[in-house]
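Okay, thanks for squeezing me in. I'll walk you through one model today, so let me get it up on the screen.

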Amino acid sequence: MASYYDRLPRLEPYDSEQLPLPLWSDFNPVEIRKILAWTMVIQRNEASPSGHLIKLEGDKIIEASGVNSMGKTLAEAFDPEMAQIKWQEMEDVAQQRRTSFTLSPVPRSDRSFIDLYRGCFPFCDAQGEVCRLVIIVAPVKDVVR
């Protein structure tokens with residue numbers, strides 16, 4: 001995903017202090033089809049846990065977490081503390097307009113024994129505002145119990 005993301009054209013923002021980002025309309029899931037099962041798409045409607053809607057959640061993410069959160073906001077999908085943590089991670093990516101890479105356990109108490117690598121990639125709309133976040137996860141170990 002990182003190499004695909006780096007090849008996408010960038011929209012120069014109106015504010016010259018901000019970093020240019022790829023347009024959401026240029027994202028083509030066929031280009032990352034091999035990792036779609038490990039892909040999550042978050043629609044960013046406003047800067048809050050209830051303003052981040054899980055639009056897509058790949059099969060392997062659902063398997064790892066034990067829960068299908070597609071169609072829910074972060075506030076609906078997680079307990080309040082975890083929703084705040086996840087939202088803050090995404091908010092940092094949106095504000096910095098940079099990809100982040102992290103290592104953390106599955107955010108579910110009954111699945112926290114599974115460690116995941118995460119890449120969070122911001123995309124913007126035609127006005128240059130961050131509107132989507134594509135998150136790619138991969139288990140640290142090849143097995144998901």
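So, this is a predicted model, and the protein in it has four helices and seven strands. Reading from the N terminus, the order goes α-β-β-β-β-α-α-α-β-β-β. On overall shape: the radius of gyration is 15 Å, close to the 15 Å the globule rule gives for 145 residues, so we're looking at something as compact as a globular protein of that length. If you prefer box dimensions, the C-alpha trace spans about 45 × 30 × 25 Å along its principal axes. And 45% of the 145 residues count as buried.

Now let's zoom in on the strands E6 and E7. How do E6 and E7 pair? They run antiparallel, over nine bridges. One of those pairings to look at is Phe121, which has Val134 in E7 as its bridge partner. The two strands make a hairpin with five residues between them, and in the turn you'll find Gly128 with a positive phi of about 90°. E6 itself covers residues 115–124, and eight of its 10 residues are buried, so that strand is largely enclosed by the rest of the structure.

While we're here, the cysteines. How many disulfides does the structure hold? Zero. Why no bond for Cys120? Because its sulfur is 13 Å from the closest cysteine sulfur, the one in Cys131, and that's too far. Cys131 has a different closest partner, Cys124, but with 6.7 Å between the sulfurs that's too far for a bond as well. Just to put numbers on it, the cut-off for a disulfide is 2.5 Å between the sulfurs. Both cysteines are tucked away, by the way: Cys120 is buried at a relative accessible area of 7%, and Cys131 is buried too, at 11%.

Okay, out to the surface. Leu103, Tyr117 and Val140 together make a nonpolar patch of about 280 Å². Val140 sits in the segment after strand E7, which is 130–139, and at 35% relative accessibility Val140 counts as partly exposed.

Last stop, helix H4, residues 80–96, where you'll find Gln84. Is Gln84 buried or partly exposed? Partly exposed, at 37% relative accessibility. What I'd point to here is Ser48: Gln84 and Ser48 are 36 residues apart in sequence, and their C-alphas are 8.1 Å apart in space.

That's my tour, happy to rotate the model if anybody wants another look.

Definitions and conventions
Residues are numbered from 1 along each chain as its sequence is written. This is a predicted model: local features need pLDDT of at least 70, side-chain atom pairs count only at pLDDT 80 or more; totals for chains, interfaces and linings use all residues. Side-chain values use heavy atoms; hydrogens and water are left out. Buried means under 20% relative accessible area, exposed over 50%, partly exposed in between (1.4 Å probe, protein chains only). Patches are made of residues with over 30% relative accessible area and no salt bridge: like charges are joined within 9 Å, nonpolar side chains (Val, Leu, Ile, Met, Phe, Trp, Tyr) within 5 Å. Accessible areas come from the Shrake-Rupley method with a 1.4 Å probe; for residues, only the protein chains shown count as cover. A salt bridge is a side-chain nitrogen of Lys or Arg within 4 Å of a carboxyl oxygen of Asp or Glu. Two strands pair if DSSP finds at least two bridges between them. The radius of gyration is taken over C-alpha atoms; the globule rule is 2.2 Å times the number of residues to the power 0.38.
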